[in-house]
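Q: Please go through the labels attached to this model and say what each one rests on. Set the values against the cut-offs where a label depends on one.

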Amino acid sequence: MSIDAIQRSERRESPGLLRKWASRHGWAVGSVVTGLAIWEIAARGFVASKLFLASPSQIVAAIGPLWRSGELQVHFYTSALEFVLGYGAACILGIALGFLIASSRRCKQALQPWVSGLYATPTVALAPLFILWFGVGIFSKIVVVALLVIFPVIINTETGLRQTPQNLVETVRSFGASRRQIFYMVSLPAALPFIFAGLRLGIGRGLIGVVVAELFGARAGLGQLIQQSAETFNMPALFVGVVVLAVAGIVLTSGFVWLEKRLVPWGQD
Amino acid sequence: MEASVKLTVSGLTKRFGDLEVLRQINTSIGKGEFISIVGPSGCGKTTFLRIVGGLESASAGTVSLDGRVIDGPGRDRGFVFQQDNLLPWRDILSNVGIGSEIAGIRTPEQRALTQHLLELVGLKGFEHYYPRQLSGGMRQRVNLARALAVNPDLLLMDEPFSALDAQTREIMQTELLRIWEEGRKTVLFVTHQIDEAVFLSDRVFVFARRPGRLQEIIGIDLPRPRALAIKRTPEFVALVDRIWKLIEHDVRASVIEEHAL
Ligand SMILES: Nc1ncnc2c1ncn2[C@@H]1O[C@H](COP(=O)(O)OP(=O)(O)OP(=O)(O)O)[C@@H](O)[C@H]1O
Ligand SMILES: [Mg+2]
């Protein structure tokens, strides 16, 4: 096919794609736009003081100065670093511990009470303690994030490995599979969707961890931006922090869904 | 005759705790024979097949394949399960190839065999489909191809067609016969459907229950190759009737028992 023909066919396709996109996302976009409009009207018309609510337009306007001064980048970078390090450590450690608990009865007995107990505890409440112990730098935040993320990862990994379909084990066993082969051919792939679900759950919890830990004392970060803006009643700047976090959450989660579709392609239609 | 014995079962007994599931099974099966096993629910058909497959151990007695006592699963036997048990994360090609993968065989011959089998079961062109993208009948054919792909001497089939609708089932029966005629493997085929057993087999083993035992062996000397039309001949109907009379009492008892539970 010539380049010309490709371009022509692309042109022919584009209205179809647009319609497809609109039918898939039309309601979501409409709903968000309506929500923003109501917010804008409410902020301008009903809430008299700028000290209580910032309108979407004010928030957008606030991004400019924060960006130009380089403040926003520093906050974003700091939080991102805390998140990535804490989340990464928790994923690696959590998956490893999940494997350990699933593979050994003794490990399960020894670790289960801690895992169940700490998962049920609102560990964010311990954030001030970690700041006391590890200082206002990023390390204390990394610890809080890791602590919040690790438990769903452990639990899901363990559950996934325990849910190995026995009929499939039996099948590969009938071909003479070794324990190792059973693990790699059946247990591990069967556990993958569970592990992914745990990692996905961890994203939201990790972001909460970053912000809450920073609220209790930090030199920089989106949580610190929010906290400092609240103290000075700078609502637009506060909302900039919130919006950046929300966008990060959405992007990370949908990126994850995308990755999952590629790594676990047998799961969905 | 002695030289061509494939499987010898002697004094085979199986207990699960206090429950005696199989008692004193003695028989031998010739090379290339197609044997069906029928009997009421719970008489130990699956258990028998699993012991032959090496997935379960005997409480007493032995089963030997080519004179060697079976003590575990092996590539000389291919198991076709009642549920297709395909690995959902593998496409059809690598599902069929799993036996050789487990054995660590990666030869061009093996690949050719896998490909040939996919053709044989009518799934050429579906190599890269996932199991969920296939119909029940297609999945069951993959299940069969997977067992054949290790080129087993003995094929163990536990109600492989029970999940299929009546039409697909009849098609699968003729397909199975066609494949069997090609390679003449020894087959042990468990089914609840007596006409299926008669249609496929050289001999039908009738099991009785409480405890499970080999009650009678019926020779099926209908000419081969067989077409579906044979099911309407008087000889065929008479054989089905005869087997049904043998197990009728037991089947009624087991149904009543299950209702009482
Ligand atoms: N692992 C096991 N532990 C305990 N009892 C078992 C086990 N497997 C089978 N049994 C019992 O052994 C008996 C025979 O079971 P089996 O599955 O071999 O019967 P079956 O002839 O295949 O029945 P069906 O026709 O319903 O498939 C049943 O009473 C069953 O409850
Ligand atoms: Mg059974």
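Q: What makes the shell around ligand 1 divide into nonpolar, polar and charged residues, and how many fall in each class?
A: The model is predicted. The shell holds four nonpolar, six polar and two charged residues. Its members include Phe16(B), Leu19(B), Gly42(B), Lys45(B) and Glu159(B). Lys and Glu count as charged, Phe and Leu as nonpolar, and Gly as polar, so Lys45(B) and Glu159(B) fall in the charged class and Gly42(B) in the polar one.

Q: Why is His192(B) said to make a polar contact with ligand 1?
A: A side-chain N or O atom of His192(B) is 2.8 Å from an oxygen atom of ligand 1. The cut-off is 3.5 Å between N or O atoms, so the pair qualifies. A polar backbone atom of Cys43(B) is 3.2 Å from an oxygen atom of the ligand, and a polar side-chain atom of Glu159(B) lies 3.5 Å from a ligand oxygen.

Q: How much of ligand 1 does the protein bury?
A: The protein buries 61% of the 630 Å² that ligand 1 exposes when taken alone.

Q: Which elements give two or more residues to the shell around ligand 1?
A: They are strand S2 (19-30) and helix H1 (45-53) of chain B. H1(B) gives the most, with three residues.

Q: Why does the radius of gyration of chain B agree with that of a compact globule?
A: A compact globule of 261 residues would have a radius of gyration near 18 Å, and chain B has 18 Å, so the two agree. Along the principal axes, the C-alpha atoms fill a box of roughly 50 × 45 × 40 Å. Buried residues make up 52% of the chain.

Q: What share of the contacts in chain B with a separation of 6 or more comes from residues 24 or more positions apart?
A: Such residues account for 70% of those contacts. Chain B contains eight helices and ten strands.

Q: Why is Glu181(B) called partly exposed?
A: Its relative accessibility is 29%. Buried means under 20% and exposed means over 50%, so Glu181(B) counts as partly exposed.

Q: Where does Glu181(B) sit, and which residues does Glu181(B) touch?
A: Glu181(B) belongs to helix H6 (residues 166-183) of chain B. Leaving out residues up to four places away in sequence, Glu181(B) touches Arg224(B) and Pro225(B). The side chains of Glu181(B) and Arg184(B) are joined by a polar contact of 2.9 Å.

Note on methods. Residues numbered from 1 in each chain as written. Chains lettered and ligands numbered in written order. Predicted model: local features only at pLDDT ≥ 70, side-chain atom pairs only at ≥ 80, totals over all residues. Heavy atoms only, no water. Near = heavy atom within 4 Å. Polar contact = N/O pair within 3.5 Å; in protein donor to acceptor, adjacent residues only side chain to side chain. Areas by Shrake-Rupley, 256 points an atom, 1.4 Å probe, with all protein chains shown as cover. Helix = DSSP H or I, 4+ residues; strand = E, 2+ residues; numbered from the N terminus. Rg over C-alpha atoms; globule rule 2.2 N^0.38 Å. Buried < 20%, exposed > 50% of the residue type's maximum accessible area, 1.4 Å probe, protein only. Contact = heavy atoms within 4.5 Å.
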